[in-house]
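Trainee: I would like to learn how to read strand pairing, backbone angles and surface charge from a model. Please take me through an example.

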Amino acid sequence: SIVSFSHSFITMSNSISNNEFVNQSCLDGLEVLKECNLVSLKAPQADIFAVQPDHGTLPADAGTDPTADQSKESNSSTQQKSSWATNDKISFDNRGCVVALDLGGKRLHRGLKCDPSVFGSFTKLTTLSLAGTDLPLKDMLAVLSQITKSIECVYLGGNGLGPRGAEAISKSELFANDDSSSKLNKLDMRYNDIGDVGIADISAAITNTMNLQYLYMEGNAIADEGCVALSKLLSSHSCSIQELYLGGNRIGPAGARSLAACLRTNQSISKIYLEGNQIGDEGAAAFCEILEELKGGGTSGLKHLYCDNNNVGKEVSKRLAKALRNETPIEDI
């Protein structure tokens, strides 16, 4: 019938609209970010098959204001998701809502030119990168406060946060939600020189956000004392971290022992990256002892332990590989 056909057409049109166009609230936010040079539109491609105007005659619409049509065309193009989705910097869901925003590498050391509340326009945002932006801490905290309800993955690496910045992040609204409401799944704070004090603060904060599965802490000057704090976090029965990245720190044998000890209670962690530290044979042997103990009467979820460039000898390396029931890629033997 005509009625059913009209209903089907409207449904199909809405589906097309949802798939092709940007949600209005998100569009308003993107326009603000574009004005501040934080995001950009795709460069229009010239149509090489377009018919060029005959310069010997006047066009039919001569005398009209050409800027009106240009403005209309520009506004129309910004409503399309394809106009914004450049180099994976912006991603949308099927309803036109922004779900991923990558501002990584933007030079923002002088601060945001827009009100941080604009990030609240992206109510479905799950992934945000501010890595390598040098964004002032106060602005970073203001942005994070706007996205806590939906955010799952946060990239803050390479911003020189230091211990003070780590403490501020740990007390931010990123960790304010209780375990049942937080969706934070991945936290990347690599290369921020947060040290033992900083990792202790972050570890304490993560205990309130137990959905976290991926923690990136490479190049942060973390030593043995910081591993004690991490071990306390990992020893929690409710800890859900699956992959822990600690390469390029200052972890020695004592730190390795602390991390190994948590395996007695932690069954969720499957990968630990320790390449480029100083654990040596003693630290690697500590993992062997715990894994062998569990093999005899317990369980461990650890399947991969990456210890390249740690001065681990050949014999201990073989023992560790056997304890893991798996090949452990240690290349400095």
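Mentor: Start with the strands of this predicted model. Strand 1 (residues 90-92) pairs with strand 2 in the antiparallel sense, over three bridges.

Trainee: Which residue of strand 2 does Phe92 stand opposite?

Mentor: Phe92 faces Val98 in strand 2. The two strands make a hairpin with five residues between them, and Gly96 in the turn has a positive phi of about 85 degrees.

Trainee: Do strand 2 and strand 3 run parallel or antiparallel?

Mentor: Strand 2 and strand 3 (residues 127-129) run parallel, joined by three bridges. Here Ala100 stands opposite Thr127.

Trainee: How many residues of strand 2 are buried?

Mentor: Four of the five residues in strand 2 (residues 98-102) are buried, so the strand is mostly covered, given that buried means under 20% relative accessible area.

Trainee: How should I read a positive phi outside glycine?

Mentor: Most residues other than glycine have a negative phi. Asp193 is not a glycine, yet has a positive phi of about 50 degrees. Asp193 lies in the loop between strand 5 (186-188) and helix 7 (195-206), and is exposed, with a relative accessible area of 52%. Ala221 also has a positive phi, near 55 degrees, and sits in the loop between strand 6 (214-216) and helix 8 (224-234).

Trainee: Which residues gather in a patch of positive charge on the surface?

Mentor: The patch consists of Lys295, Lys303, Lys322 and Arg325. Of these, Lys303 is in the loop between helix 10 (280-297) and strand 9 (304-306). Lys303 counts as partly exposed because its relative accessibility is 40%.

Notes:
Residues numbered from 1 in each chain as written. Predicted model: local features only at pLDDT ≥ 70, side-chain atom pairs only at ≥ 80, totals over all residues. Heavy atoms only, no water. Patch = residues over 30% accessible without salt bridge, like charges linked within 9 Å, V, L, I, M, F, W, Y side chains within 5 Å. Areas by Shrake-Rupley, 256 points an atom, 1.4 Å probe, with all protein chains shown as cover. Salt bridge = Lys/Arg side-chain N within 4 Å of Asp/Glu carboxyl O. Lys, Arg positive; Asp, Glu negative; His and termini not counted. Charge placed at Lys NZ, Arg CZ, Asp CG, Glu CD. Buried < 20%, exposed > 50% of the residue type's maximum accessible area, 1.4 Å probe, protein only. Pairing = 2+ DSSP bridges.
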